[in-house]
Amino acid sequence: MSYSTGQKERILAFFSDNREKAFTSEEIIGCVPGAVQSTVYRLLQRLAEEGLLMKVPSEHGALYRYSDPERCPHHMHMECTVCGRTCHLDEDISDRIRRAIEEETGFSVLPSTVFRGICPECRK
Ligand SMILES: [Zn+2]
Ligand SMILES: [Zn+2]
């Protein structure tokens, strides 16, 4: 296993443990043991391209969050515009929202649509 493969696995494990949160690259460097800054930047970019992470713009710059390439394309997401925290909505709920919008507007709605709002933490 090469050095950067080990870091990739640790980064993915970290996101898998924190599925609802989004992190800046600096936070990831601080949270993942043995993370090397230049490698982390490169890995985050590549993982986002591969669909294993989602890159989210925020008030604090780019954030990265967990993305499941098997399941995330089939459900909608709720994203906090302040902290970048994301909820993965249930597939049943996603289908109901989609059907309601399609009936109302005639639009064909993307199954992975992201809604934006302010999370309970940031509303406090
Ligand atoms: Zn998802
Ligand atoms: Zn928030």
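This briefing describes a zinc site and the salt bridges of one structure. The model is predicted: local features need pLDDT of at least 70, side-chain atom pairs count only at pLDDT 80 or more, and totals for chains, interfaces and linings use all residues. Residues are numbered from 1 along each chain as its sequence is written, ligands are numbered from 1 in the order in which they are written, and side-chain values use heavy atoms, without hydrogens and water.

**Zinc site**

- The zinc ion (ligand 2) has as protein donors the SG atoms of Cys80, Cys83, Cys119 and Cys122, lying 2.3 Å from it; donors are N, O and S atoms within 2.8 Å of the metal (3.2 Å for Na, K and Ca).
- Along the chain, these donors follow the spacing C-x2-C-x35-C-x2-C.
- Cysteine 80 in strand E4 (residues 77-80) and cysteine 122 in helix H5 (residues 120-123) are 42 residues apart; helices (at least four residues) and strands (at least two) are DSSP runs.
- The arrangement is tetrahedral because the 4 donor atoms subtend angles of 105 to 112 degrees, the criterion for four donors being all angles between 85 and 135 degrees.
- Cysteine 80 counts as buried at 3% relative accessibility, whereas cysteine 122 is partly exposed at 30%; buried means under 20%, exposed over 50%, and partly exposed in between (1.4 Å probe, protein chains only).

**Salt bridges**

- The whole structure holds 5 salt bridges, each a side-chain nitrogen of Lys or Arg within 4 Å of a carboxyl oxygen of Asp or Glu.
- Glutamate 50 and lysine 8 meet in one of them, at 3.9 Å, N to O.
- Arginine 85 pairs with glutamate 20 at 3.4 Å, a link across 65 residues.
- Lysine 124, exposed at 77%, bridges to glutamate 121 at 3.1 Å.

Conventions: Tetrahedral: all angles 85-135°; square planar, octahedral: opposite > 155°, others 65-115°.
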